[in-house]
2 protein chains.
Amino acid sequence: MPRAGLSAERIIGEAAELADEVGFEQVTVSALARRFGVRVASLYSHLDGSHDLRTGIALLALEELTDRAATALAGRAGRAALLAFAEVYRDYARQHPGRYAASRYRLDPETAAASAGVRHARLLRAVLRGYDLTGDEQTHAVRLLGSVFHGYVSLELEGGFSHSAPDSERSWARIVEVLDGLLRNWPDPSHSDASRTEASQPEASQ
Amino acid sequence: MPRAGLSAERIIGEAAELADEVGFEQVTVSALARRFGVRVASLYSHLDGSHDLRTGIALLALEELTDRAATALAGRAGRAALLAFAEVYRDYARQHPGRYAASRYRLDPETAAASAGVRHARLLRAVLRGYDLTGDEQTHAVRLLGSVFHGYVSLELEGGFSHSAPDSERSWARIVEVLDGLLRNWPDPSHSDASRTEASQPEASQ
DNA sequence: GCAAATTTCCTAAAACCTTTAGGCTTCTGT
DNA sequence: ACAGAAGCCTAAAGGTTTTAGGAAATTTGC
């Protein structure tokens, strides 16, 4: 009988396809073997198991996403860079929901440190070079952007914004626009904020 | 032999505990049976299966979270309400990571419509009553807040912000503060934005 | 108070997924 | 051609899910 021609790369690639089709959670060594027309045990010559498979998809997704972001960011700065990054991020998640979910799979520290994830994080921080933010404030801003992007895309994929008044497309565009404005006019970390509304009652936090 | 005294409520409650201890993904009918010192099949008299179990945890979490939010929001408006909501949200997620993950479990539409989720969404929108936002802009703002809250908490639980320069606590506080400022000075949806920085190059979006 | 009805929990079993061990067969290089 | 390596296979054990049907404990009705 002829061989199936498996290899770690092909397997991870098919697994990524499968993830996009049926969801990252549903990616299973069994389903993958069926897809290759091969017995389950055969895959274990190329994989270290289920965790390894998921890690592989995650690394692939991080790399693809980061490459897209790098391409989109080349030659852009400030607002244009922010828009480009945001578009790439959301488009990737919508085109490849399974891979996107995989990119959030928890990697062990060494694997994560060697992954495209760090390059992706650097790119996001690079977007902020177009704005006037430094030190801790820049970090806060990076975390804000990361949270909005991930949070929005994640809620959207869960179906959170479907079938309601302004369509998700519009909200996304508007939010990114608003964030650009926020970054351009990033408020000083003055301790008594409360700049321009009715008097601030100093409420206890709990 | 004496009975274990199971009931749907007790089972869901234990399942929520288990989720917080080992993670929502790891909550399994088997593990739960072991915890009760009971055979697996015994739980099937009280549950419709695994999906039903997860749904139960999700509904419990949504209710707890919403109750906390409602309590925290009573008598507060504007900035104070935003701070309170944010604190409740993050605290709940940190105290009950498994339940929090459960609260993001995808429910079927009817179940979702009858869940505390809709009350929770109303509460978040109510927070915005303290700011001057209406119509679509209010919806965009609700989605922004939801994204930031969920995104931040989710990244934090994944370990994204640990062991790096400004601790997560500070970033959270600062981000909420910045959001308050943003909501108070929400920019007009003017079509040619680019209000106060260097001349805006009209870059194509792709 | 007790028998009947009901509920609770059990054993048994089938189906599926994961993982390891070890064997045959197909390639590859010399 | 043939020895070694690599690829895919059968076999098997262990775990989870779910259904079917039985036995014991509790509750209910008289």
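UniProt annotations, given here in the numbering of this structure, may be inferred rather than shown by experiment. With that reservation, the unreviewed UniProt entry marks residues 28–47 of chain A as a "DNA-binding region". The structure described here is a predicted model. In this model, the span 28–47 of chain A is 60% helix and 0% strand, and its end C-alpha atoms lie 12 Å apart. The record also assigns residues 5–65 of chain A to "domain: HTH tetR-type", again in an unreviewed entry. Over residues 5–65, chain A is 70% helix and 0% strand, with 27 Å between the end C-alpha atoms.

The surroundings of DNA strand C were examined next. This strand is surrounded by 21 residues, of which the closest are Arg3(A), Thr28(A), Ser50(A), Gly5(B) and Ser42(B). By class, the surface near DNA strand C comprises nine nonpolar, eight polar and four charged residues. Helix H2 (29–36) and helix H3 (40–43) of chain A, together with helix H3 (40–43) of chain B, each contribute at least two residues to this surface. The most is given by H2(A), with three residues.

On the side of the DNA, 65% of the atoms of strand C within 4 Å of the protein belong to sugar or phosphate, and the rest belong to bases. Individual contacts with phosphate oxygens of DNA strand C involve both backbone and side-chain atoms of the protein. For Ser30(A), a backbone N or O atom lies 3.0 Å from a phosphate oxygen of the strand. A polar backbone atom of Val29(A) is 3.2 Å from a phosphate oxygen of DNA strand C. In chain B, a polar side-chain atom of His46(B) is found 3.3 Å from a phosphate oxygen of DNA strand C.The analysis then turned to pockets. The largest pocket has a volume of about 1800 Å³. Of the 38 residues that line this pocket, Phe24(A), Glu25(A), Ala101(A), Glu25(B) and Ala101(B) are the closest to its centre. Both chains supply helices to the lining: helix H1 (8–22), helix H6 (97–103) and helix H9 (135–157) of chain A, and helix H1 (8–22), helix H6 (97–103) and helix H9 (135–157) of chain B, each provide at least two residues. The lining of the largest pocket divides into 15 nonpolar, 10 polar and 13 charged residues.

Aromatic pairs were also counted. Over all chains, the count comes to 16 aromatic pairs. One of them joins Phe85(A) and Phe149(A), with 5.9 Å from centre to centre and 25 degrees between the planes. This pair counts as stacked because its planes are under 30 degrees apart. The pair links distant parts of the chain, since Phe85(A) lies in helix H5 (residues 78–95) of chain A and Phe149(A) in helix H9 of chain A, 64 residues apart.

Note on methods:
Residues numbered from 1 in each chain as written. Chains lettered and ligands numbered in written order. Predicted model: local features only at pLDDT ≥ 70, side-chain atom pairs only at ≥ 80, totals over all residues. Heavy atoms only, no water. 1 Å grid on protein atoms, 1.4 Å probe; cavity = no way out; pocket = protein on both sides within 12 Å on 5 of 7 lines; lining within 4 Å. Points joined across faces, edges and corners; volume = space filled by probe spheres on them. Helix = DSSP H or I, 4+ residues; strand = E, 2+ residues; numbered from the N terminus. Nonpolar A, V, L, I, M, F, W, Y, C, P; charged D, E, K, R; others polar. Near = heavy atom within 4 Å. Polar contact = N/O pair within 3.5 Å; in protein donor to acceptor, adjacent residues only side chain to side chain. Phe/Tyr/Trp six-rings, centres within 6.5 Å; stacked < 30°, edge-to-face > 60°.
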